[in-house]
Amino acid sequence: MPVVRDHARVFDRFLFVYPVISRRSGGLSLGVNLNPDKRCNFNCAYCEVDRQTPGPAKTVDLIRLRAELSALAQSALRGQLGLTPKFAEVAALTRRIRDIAFSGDGEPTMVPNFADCVRAVIEVKLALALADTKIVLITNATGLDKTDVKRGLALLDAHQGEIWGKLDAGTDAYYRLVNRSHVAFDRILHNLTITAQARPIVIQSLFMKVRGEPMPAPELEVYCGRLRDILAAGGSIREVQAYTIARPTPEPWVERLDRADLDSIAAVIRARTGLPVMTFA
Ligand code: SF4
């Protein structure tokens, strides 16, 4: 689930980290890409990651990850990031690191050493005294039931961690249409539920036009029911982030929603679930 990247050339030497001004984070977010190999067990119809070209690394080198994150964070704190052309207009935002986000070219919970990666990020956060900086895991939820991932989540819980889990569908059929994964939809729902039972989570949902049509009303109704199911099972959802396509997509049959359509979907979710819903059009 990649956020919008800013490939400032000066940062191109980094393999595992990248800086971005993120509306969802409200400022500077340092992205941690655990999947330079572009591995993902979803194949979202709207995914902007180019999987035709192979990625440069297959495993996460923890020493390099720690060194890169530390260097990037220090360059932000010293004001050097704001001096680069890409960030010139938002220089004031670049000195405060709002979050460090596991979000890259694939699914972060697929790496075998996820908990070690979380530990490496926490070490940098502590070493640089980034007391106000959150650590966000942006995930498609497929790996949230894995033992090693649960260890990583527990570490996140103790260090201002947040989990933003993807849910783009209500029914199995719509899930297969837009996320195109071999992972069972039930497992996604189960994983979101058990994770939300352990701490409040954020649900991230991408809404789009499929063959010219926004999500049909019955599908949206089932989607809202899924959120209510999580709440009824004792899960806690802090907010729903409803967003739409921002970049060119690999499939011509999906398109971004306009602001009015996204707002009406958000209004339905609020009315049916009672949850706070933020929109990003
Ligand atoms: S979950 Fe979907 S959007 Fe995110 S990297 Fe995988 S295919 Fe792309």
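Is glutamine 160 buried, partly exposed or exposed, and how many C-beta neighbours does it have inside 10 Å? Select this residue to begin the tour of the predicted model. Glutamine 160 counts as partly exposed, because it has 17 C-beta neighbours inside 10 Å, and a residue must have 20 or more to be called buried.

**Stop 1: Two loops with a positive phi**

Keep glutamine 160 selected and show the backbone around it. The residue sits in the loop that links α3 (147–157) to β5 (161–166). Its phi is near 55°, a positive value in a residue other than glycine. Most residues other than glycine have a negative phi.

Next, select arginine 180, which lies in the loop between α4 (172–178) and α5 (185–198). Here too phi is positive in a residue other than glycine, with a value near 45°. Arginine 180 is partly exposed, because 13 other C-beta atoms lie within 10 Å.

**Stop 2: The two domains**

Colour residues 1–162 in one shade and residues 167–281 in another; the domain assignment gives these ranges as domain 1 and domain 2. Taken over C-alpha atoms, the centres of the two domains are separated by 23 Å. The contact between them takes 19 residues from domain 1 and 26 residues from domain 2.

**Stop 3: The open sheet**

Now display the strands as a cartoon. An open sheet is formed by 8 strands in the order β1-β2-β3-β4-β5-β6-β8-β10, and the pairing is mixed. The edge strands are β1 (17–22) and β10 (277–280), each of which pairs on one side only. On average, neighbouring strands of this sheet are turned by 25° against each other, direction ignored. Strands of a sheet pair through backbone hydrogen bonds, either parallel or antiparallel.

Several pairs may be followed in turn:

- Select β2 (residues 27–32) and β3 (residues 97–102), which run parallel and are joined by 5 bridges. Leucine 28 stands opposite isoleucine 97 in β3, and glycine 31 stands opposite alanine 101 in β3. Strand β3 is mostly covered, with 5 of its 6 residues buried.
- Select β6 (residues 201–206) and β8, which run parallel and are joined by 6 bridges. The bridge partner of isoleucine 201 is isoleucine 237 in β8.
- Select β8 and β10, which pair in the parallel sense over 4 bridges. Glutamine 241 stands opposite methionine 278 in β10.

With β8 and β10 still shown, add helix α7 (residues 259–273). This helix lies across β8 and β10 and runs at about 170° to β10.

**Stop 4: Two helices that cross**

Which helix passes α2 in a right-handed crossing? Select α1 to see the helix that does so. The axes of α1 (residues 62–77) and α2 come within 10 Å and cross at roughly 30°. Show the side chains at the contact: α1 contributes Leu62, Leu65, Arg66, Leu69, Ser70 and Ala73, while the residues from α2 include Asp116, Cys117, Ala120 and Val121.

**Stop 5: The nonpolar core**

Leu69 leads on to the core. The largest nonpolar core has 75 residues, and those with the most contacts inside it are Val32, Leu69, Cys117 and Val121. Helix α2 (residues 114–127) gives the most to this core, with 7 residues. Where does the core lie with respect to domain 1 and domain 2? Both domain 1 (1–162) and domain 2 (167–281) give residues to the core, so it lies between them.

Centre the view on leucine 69. Not counting residues up to four places away in sequence, leucine 69 touches Val17, Leu30, Val32, Val121 and Val124.

**Stop 6: An exposed glycine**

Finally, select glycine 234, in the loop between α6 (217–232) and β8 (237–243). Is this residue buried or exposed? Glycine 234 is exposed, because only 9 other C-beta atoms lie within 10 Å, and a count of 12 or fewer meets the cut-off for exposed. To end the tour, draw a distance from the C-alpha atom of glycine 234 to that of arginine 187. These atoms are separated by 17 Å, and the two residues are 47 residues apart along the chain.

Notes
Residues numbered from 1 in each chain as written. Predicted model: local features only at pLDDT ≥ 70, side-chain atom pairs only at ≥ 80, totals over all residues. Pairing = 2+ DSSP bridges. Axes fitted to C-alpha atoms, helices over the stretch in contact; angles between N-to-C directions. Contact = placed C-beta atoms within 7 Å. Core = buried A, V, L, I, M, F, W, Y, C linked by C-beta atoms within 7 Å. Domains from an automatic or database assignment. Left-handed = near helix turned anticlockwise from the far one by under 90°.
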